[in-house]
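Open the model in your viewer and keep the selection box at hand. The tour goes stop by stop, and each stop says what to select and what is there.

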Amino acid sequence: MTHAKSKLIFLLLMAVLFPGCARMALYAAPDLVPNLTGAFFEECDPALAREALPAELKLMEGLLKNAPQNEQLLTALCMGFSGYAMLFIEEEDPARASTLYRRARAYGMRALGVKALTSGNIDDKLAGIGKESIQPLFWTTLSWNGWIRLNLDNPSALGQLDMAQKCLDRVMEIDPDVFHGAPYIVYGALLASKPKMLGGDPARAAEYFSKAVAVSHGKFFLAQYYYAKTYAVRIQDKKLFSGLVKAVEAARPDDIKDACLINTVMKQKMKALSAAAEDLFF
């Protein structure tokens, strides 16, 4: 058991037995929660991470009951549920992943201090969010757009496209390179996935994916995976697809310490995607 997890379990026991002490402990050790979520993405063993994360998320939800406004806990929960849905659930159970993305978004909204975003208030709300809140804004945006991407046949999701797009635009204004250029990946995946009548634009998607690859110098495999899956397949560019597959095959997942888990999972997913190439290209 890691030192960070031992501390978290101790805090949960404090939350159950002495609620006031748990709140004091959280504020006295502000780096604990970010370090714990950071350690999750540093884990290079996907099986271990998949087994461990649900319990850790429930531990943090237990702590949240005694510190319901704690921004770090709320951000960590948004990040954790988003990562769990994206890495482990999305392809095998899209409906469940949708539920997890919505759960993540709700925590992210709370971390941002926003009760609800509507077409009438979103511009003012986003204008008030600055660089100090880039983490909750980014993970809220990722979870929201992840949910929409899985529900493009749902009128409710289509009705939220514009608001989610504005959140992504605000992330791009503040820091498009956050988390190894992930905002470029989200943008590219949306533009490549949406039909043209809803704003889809494969040519622009390729530009965003190229920028994402450049930010990490090709070391953040999430970019190559979605570049191949959503763009190369859509425009039937088998040469590009093969090049992206080979680049990921040849690279080391631990070249970026805080993305080792993502890179390892993307290596696995890219291998599976490559194995299905005959069915993807015609």
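**Stop 1: a helix on the inside**

Select Leu161, Met163, Ala164, Gln165, Cys167, Leu168, Arg170, Val171, Met172 and Ile174, which are the buried residues of helix H10. Keep in mind that the model on your screen is predicted. Now extend the selection to residues 161–174, the whole of helix H10. Of the 14 residues of H10, 10 are buried, so the rest of the structure largely encloses this helix. One of the buried residues, cysteine 167, has a relative accessibility of 2%, and it counts as buried because the cut-off is under 20%.

What do the buried residues of H10 pack against? Show helix H7 (122–127), H8, helix H9 (155–159), H11 and helix H12 (202–215): these are the partners.

You can also check the length of H10. At 1.5 Å a residue, its 14 residues should span 20 Å. The C-alpha atoms at its two ends are 20 Å apart, which agrees.

**Stop 2: the whole chain**

Zoom out and colour by secondary structure. The protein chain has 16 helices and 0 strands. It has 282 residues, and buried residues make up 52% of them. Take the contacts in the chain with a separation of 6 or more: 67% of them are between residues 24 or more positions apart.

**Stop 3: the disulfide**

Select cysteine 44 and cysteine 260 and show their side chains. The two form a disulfide, with their sulfur atoms 1.8 Å apart. A search of the whole structure finds 1 disulfide. Cysteine 44 sits in the loop between helix H3 (32–42) and helix H4 (46–64), and cysteine 260 sits in helix H15 (residues 260–275), so the pair ties together parts that are 216 residues apart in sequence. The torsion about the S-S bond is about 120°, so the disulfide is right-handed.

Which of the two cysteines is buried, and which is partly exposed? Cysteine 44 is partly exposed, with a relative accessible area of 37%. Cysteine 260 is buried, at 2%. For another buried cysteine, select cysteine 78, which has 0% relative accessibility.

**Stop 4: lysine 267**

Stay on helix H15 and select lysine 267, which lies in it. Lysine 267 is partly exposed, with a relative accessible area of 23%. Leaving out residues up to four places away in sequence, lysine 267 touches Phe221, Val248, Glu249, Ala250, Ala251 and Pro253. Add valine 245 to the selection: it is 22 residues from lysine 267 along the chain, and their C-alpha atoms are separated by 8.8 Å.

**Stop 5: the largest cavity**

The structure holds 4 cavities of 30 Å³ or more. About 120 Å³ of space lies in the largest cavity. To see its walls, select Met86, Tyr101, Leu142, Asn145, Gly146, Arg149, Ala182, Ile185, Val186, Ala189, Leu222 and Tyr226, which line it.

Which helices supply at least two residues each of this lining? They are helix H8 (134–150), helix H11 (178–193) and helix H13 (221–232). Colour the lining by residue type, and it divides into 9 nonpolar, 2 polar and 1 charged.

**Stop 6: two backbone angles**

Most residues other than glycine have a negative phi. Select phenylalanine 179, where phi is positive, near 50°. Phenylalanine 179 is found in helix H11, and at 17% relative accessibility it counts as buried.

Next select glutamine 236, where phi is also positive, near 60°. Glutamine 236 is placed in the loop between H13 and helix H14 (238–250). At 28% relative accessibility, glutamine 236 counts as partly exposed.

**Stop 7: alanine 214**

The last selection is alanine 214, in helix H12. Is alanine 214 buried or partly exposed? It is partly exposed, with a relative accessible area of 48%. Add glycine 181 and draw a distance between the C-alpha atoms: the two residues are 33 residues apart along the chain, and the separation is 8.5 Å.

Notes:
Residues numbered from 1 in each chain as written. Predicted model: local features only at pLDDT ≥ 70, side-chain atom pairs only at ≥ 80, totals over all residues. Heavy atoms only, no water. 1 Å grid on protein atoms, 1.4 Å probe; cavity = no way out; pocket = protein on both sides within 12 Å on 5 of 7 lines; lining within 4 Å. Points joined across faces, edges and corners; volume = space filled by probe spheres on them. Helix = DSSP H or I, 4+ residues; strand = E, 2+ residues; numbered from the N terminus. Nonpolar A, V, L, I, M, F, W, Y, C, P; charged D, E, K, R; others polar. Expected span 1.5 Å × (residues − 1). Buried < 20%, exposed > 50% of the residue type's maximum accessible area, 1.4 Å probe, protein only. Contact = heavy atoms within 4.5 Å. Disulfide = S-S within 2.5 Å.
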